[in-house]
Amino acid sequence: MPNSNPYDWIDRALNAIHQAKWYRQETTFDGAPGATIEHEGRSLLNFASNDYLGLAADPRVRQAAIAAIEAHGTGSTGSRLLSGDRPIHRQLERAIADLKQTDDAIVFSSGYLANIGTLVAIVGRRDLVLGDRYNHSCLRLGVAAAGATLMDYEHADPLDLAYLLDRHRADFRRLVIATDSVFSMDGDLCPLPQILELAELYGGMVLELIQMGTLSKALGSLGGYVAGSAKLIDFLRNRAPSWIYTTALSPADTGAALAAIEIVRSEPERRVQLRENVAYVRAAIAQLTAAVPGRFRLLPSDSPILCLEVANVATVLRDGQALRDRGIFVSAVRPPTVPTSRLRLTVMATHDRSQLDQLIAALGDIAAF
Ligand SMILES: Cc1ncc(COP(=O)(O)O)c(C=O)c1O
């Protein structure tokens, strides 16, 4: 019998993570989410939230979650196919299908589970998934769980995708091209028209057109969905294990998402304000990067996610802390989450002009050192 402790490797692995400066930890916030958040008794300006439209603390969304709990309790108490189905689940799925202009939709307990379950359902060992190199972790894990072959094409590069299709398509049964729409750690968009053209040419499905989305970000709730044809959704209800074998989305999350969709529909001005805020910050950052060349590089972005690439891990950690000292919270992201270290800023519709100006002033301040 070996006399070493079979769990010793965890210590060694943790040490290696620390040495590589890859160790990550939660930062805990108090109070409700919004343009400002409470941390250790201080109020910080929040430029790290996925709640782009400011709905996670909206009184109408909160009230809908409370009403759903009052009507249906706190837990769904079973999977959708057994005892967990409630009328609000179908109402939410119909509302999503309406919003996305598809026949139908299916809601999962998270976006992460939506992608895994969908891939496991639609591909297997004889199939090929071509994925953008920067795709979200759940797409990668979904392909692995499905047992399909994953090949990465260079980020947002249709030429590389075409090259791989030409070389490998014929060796496989089904083909899926899987891409994030908005790359969450960069902020740029996938080249959808070219991807659709290639998918048609090579007889592939597109896991973007089989539209997967999250309820956990702009809708201020928790959960994920797939929207698509009636047949696809019917098939997923029968074959997506992360939907079949897990407890149905909670009443509170379901009620909140339904209310949020209604607000998104009836208040388009929120999206207009978000776009204005993003344009304002982006223009100011462009001026700053021109004034202090080499200090930050603004990565290409077409979304509320703006990433400032910096020299290395030590710099991003120092910059993140320096911003926090100035009352501003942004995410400092670094390998292994992303290939290069960067400050990841997310702009919200509910930031006011003076809050945006404080961010810009603080970035100007830290650019000087
Ligand atoms: C591109 C992408 N896909 C999937 C997910 C997972 O969604 P969720 O947070 O609802 O699990 C996220 C965000 O976390 C994402 O940015």
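The shell around the ligand comprises 2 nonpolar, 7 polar and 2 charged residues, where Ala, Val, Leu, Ile, Met, Phe, Trp, Tyr, Cys and Pro count as nonpolar, Asp, Glu, Lys and Arg as charged, and the others, Gly among them, as polar. This is a predicted model, in which local features need pLDDT of at least 70 and side-chain atom pairs count only at pLDDT 80 or more, while totals for chains, interfaces and linings use all residues. Residues are numbered from 1 along each chain as its sequence is written, and side-chain values use heavy atoms, with hydrogens and water left out.

The residues around the ligand, each with a heavy atom within 4 Å of it, are Ser110, Gly111, Tyr112, His136, Cys138, Asp180, Ser184, Thr214, Ser216, Lys217 and Gly223. Polar contacts are pairs of N or O atoms within 3.5 Å; within protein, one must be able to donate a hydrogen and the other to accept it, and residues adjacent in sequence count only if both atoms are side-chain atoms. An oxygen atom of the ligand lies 2.8 Å from a polar backbone atom of Gly111, and a ligand oxygen is 2.7 Å from a side-chain N or O atom of Ser216, while for the side chain of Ser184 the corresponding distance is 3.4 Å. Taken alone, the ligand exposes 380 Å², of which the protein buries 80%, with accessible areas taken from the Shrake-Rupley method with a 1.4 Å probe and, for residues, only the protein chains shown counting as cover.

Beyond the ligand, the count comes to 20 salt bridges, each a side-chain nitrogen of Lys or Arg within 4 Å of a carboxyl oxygen of Asp or Glu. One of them joins Arg237 to Asp104, with the closest N and O atoms 3.2 Å apart. Because Arg237 lies in helix α8 (residues 230–239) and Asp104 in strand β3 (residues 104–108), the pair ties together parts that are 133 residues apart in sequence; helices (H or I, at least four residues) and strands (E, at least two) are DSSP runs, numbered from the N terminus. Arg237 is buried at a relative accessible area of 17%, and Asp104 is buried at 7%, where buried means under 20% relative accessible area, exposed over 50%, and partly exposed in between (1.4 Å probe, protein chains only). Both residues belong to a network of salt bridges that also links Arg80, Asp85, Arg90, Glu93, Arg94 and Asp234.

The side chains of Arg60 and Asp58 also meet in a salt bridge (2.9 Å, N to O), in which Arg60 is partly exposed at 40%, whereas Asp58 is buried at 6%.
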